[in-house]
Amino acid sequence: MSNQRKLQTEIDRVIKKVDEGVELFDDIYEKVYSADTQNQKEKYETELKKEIKKLQRLRDQIKSWISGSEVKDKDQLLEYRRLIETKMEAFKVVEKETKTKTFSKEGLARQEKLDPEEQKKADTVNWIGEIIEQLHNMIDEKDLEIETLSSGKGKKTNKNQIEECNEHLASHKFHVNKLEGIARLVRNDRIAADTVDQVKEDLEYYVDSHGEDDYMMAYDEEGFYDELGLDDLDVVNVDRVTQASVSSKKKDDDASSATSGSKKDKKSKNSSTSSSMIPLTIGRAKVSKKGSIPSNEATPTKIGRASSSTGSSSSGPAPVAPAPTPKAPAAPAGGGQSMAAMLKRESEERQKAALLAQQQEQARQAELLRQQQLKQQQEAQRLQQQQEVLRQQQQQAAQAEALKRQQAQQLLEQQRQQQAVQQDAAAKQKLLQQQATRQQAQAQQQNVLNVGLSGLSLGNAVGSNAPTAISSGSSQLAGGKDATERYLSALNDSFMQIPTGADNERQKSYTPRNPYPTPSCYPSVPSPIFDNPAVFEKLGTDALFFIFYYAQGTHQQYLAAKELKKQSWRYHKKYMTWFQRHEEPTVTTDEYEQGTYIYFDYETGWGQRVKHDFRFDYSFLEDSLSV
């Protein structure tokens, strides 16, 4: 039961392939006839040939199932087999039309306007010729098979197979002889082309299925051509006449060999051999007998046909043989010389024609060679011109590139010089401001010191004169106290504004890394807001990635990395990019975890991508930055 189910599954698969192949075949078939040029048509014809080869292989598989006993219902297989055979016939028509040259005999004949009856007759004759060609190929195959089976000791062991091959061989030859006679009758309008169509299907089925046992059991050779009514026509049976003529000649040879010596026996065998070749054109001799009798000046082949048609084997005016025999009447001497002269002249003419054809072929080949050389020279010149033009374009492009690079360098150099001049001017101005500030501070300190010293001297004066000026009164004492207070307050102010170590450092200014001339209204100094970590919480992921990869070694890069870590991004030290889990890892160990991740592609696409089945080793995880 399982084998039957498996077989049915295989049949369904093959039928599905046949349907797909037929559909593809029809599409290519329409392209062949809708092609505009011959090259396109040949290209589609090649594709059509590939598809028909596939269908033929499927047809062989279907034939094996039909011939076997495993499949009970074979109607579907037979239907698909006929469908493939229909496509094979369509491909034969396409192949024949493609191979037919435009100005060949067949191409010109195809272009001629024929009436429907003549066209039908020509198609029928062509079809008969194709069937005969297939039968000849089958005969050659059977001959080769018989020769293979008969080699060595196989003649006894393969006796049944040899007999079966001989039966097939005889059947093929029977059909070849019948079809040759039918083709002549169609050409001579003895049989209508529509009448031959009655046996077309049977003949094609015979060519395809002659090797199957089921077909050969139901095969009837005698009634195969009854529908054509050949018995009612005056047609010679080629097989019977050939057998009768050969048997009669054998009897004559046996009788002559009994009464004559070895030489006569040898010559009689030659005459029997020549007579056995006569029945090849008996059908034509039958037709020529009704018309006109060949003259004595005809060729030896035609004379042989005429003599065989009248049935005279030894009593005619001149027997037909490759060489004259002693039994035949001697030909006139002049006739023998004229025949030799004719043969010699014909051989000379053939040699001259062959020599002339050879000379013409040599001249044609020389002309073709010269044309090829001329084309090669033209092609070489064209390639050289193209290379020269391409080289000039490359030189011009290189010069333009060098000029642009030089202009860019000059512009950059000018910008650098301007920046250097501006920086020098700013440094000088700052230095002057610092000097002015320092001088002002020194002046203030000197003033304070002078005031303090003056107060101190005043106090000293008051103190020194105290013993002598005590009686001067309380007003002078109050004036000394006020001077001391002023001195102490001035000294306190000077200590409050004393210079520090930071005053000696040079003021830092922002310098862009990649300077470029921009409008003066654009901001030239980064905003101090980017030093605030709270701002980075408001930025998007793309902005954080941009700051991380384009603000290297800055506080902003540190803040961007810190914010990315807050958003569950982790930095991979080996690939130098950020990863984030897309889903929970499928494998987790102490050394790594594996699963689907989202990573930021900063090198090629500048975007987020998904990486399936990625192994993230913890040794490459950057964990020095705390969140």
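The expected span of a helix is 1.5 Å times one less than its number of residues. Helix α1 (residues 2-34) has 33 residues and covers 48 Å from first C-alpha to last, close to the 48 Å expected at 1.5 Å a residue.

This is a predicted model: local features need pLDDT of at least 70, side-chain atom pairs count only at pLDDT 80 or more, and totals for chains, interfaces and linings use all residues. Residues are numbered from 1 along each chain as its sequence is written, and side-chain values use heavy atoms, with hydrogens and water left out.

**Overall make-up**

The protein holds 20 helices and five strands. Both are DSSP runs, numbered from the N terminus: helices are H or I with at least four residues, strands E with at least two. Of the 627 residues, 23% are buried. Buried means under 20% relative accessible area, exposed over 50%, and partly exposed in between (1.4 Å probe, protein chains only). Among contacts between residues at least 6 apart in sequence, 60% join residues at least 24 apart. A contact means heavy atoms within 4.5 Å. The accessible surface comes to about 45500 Å², with 52% belonging to carbon and sulfur atoms. Areas come from the Shrake-Rupley method with a 1.4 Å probe; for residues, only the protein chains shown count as cover.

**Helix α1 and its neighbours**

The buried residues of α1 include Leu7, Ile11, Val14, Gly21, Phe25 and Val32. The buried residues of this helix pack against α2 (38-67) and α3 (75-99).

**Salt bridges**

The structure has 20 salt bridges. Each is a side-chain nitrogen of Lys or Arg within 4 Å of a carboxyl oxygen of Asp or Glu. Three of them are tabulated.

| Acid | Base | N to O distance |
|---|---|---|
| Glutamate 85 | Arginine 81 | 3.1 Å |
| Aspartate 189 | Lysine 121 | 3.3 Å |
| Glutamate 593 | Arginine 581 | 2.7 Å |

Glutamate 593 lies in strand β4 and arginine 581 in strand β2 (residues 577-581), so this pair ties together parts 12 residues apart in sequence. Glutamate 593 is buried at 5% relative accessibility. Arginine 581 is partly exposed at 44%.

Glutamate 85 and arginine 81 sit four residues apart in helix α3, separated by about one helical turn. Both are buried. Aspartate 189 is exposed at 56% relative accessibility, whereas lysine 121 is buried at 18%.

**Aromatic pairs**

There are 23 aromatic pairs. Rings of Phe, Tyr and Trp (its six-membered ring) pair if their centres lie within 6.5 Å; planes under 30 degrees apart count as stacked, over 60 as edge-to-face and the rest as tilted. The rings of phenylalanine 545 and tryptophan 569 have centres 5.3 Å apart and planes at 90°, so the pair is edge-to-face. Phenylalanine 545 lies in helix α19 (residues 541-550) and tryptophan 569 in the loop between α20 (555-566) and β1 (570-572), so the pair ties together parts 24 residues apart in sequence. Both residues are buried.

The rings of tyrosine 549 and tyrosine 602 have centres 4.4 Å apart and planes at 15°, so that pair is stacked. It links distant parts of the chain: tyrosine 549 in helix α19 and tyrosine 602 in the loop between β4 (592-601) and β5 (607-617), 53 residues apart. Tyrosine 549 is buried at 12%; tyrosine 602 is partly exposed at 23%. One aromatic cluster includes Phe545, Tyr549, Trp569 and Tyr602.
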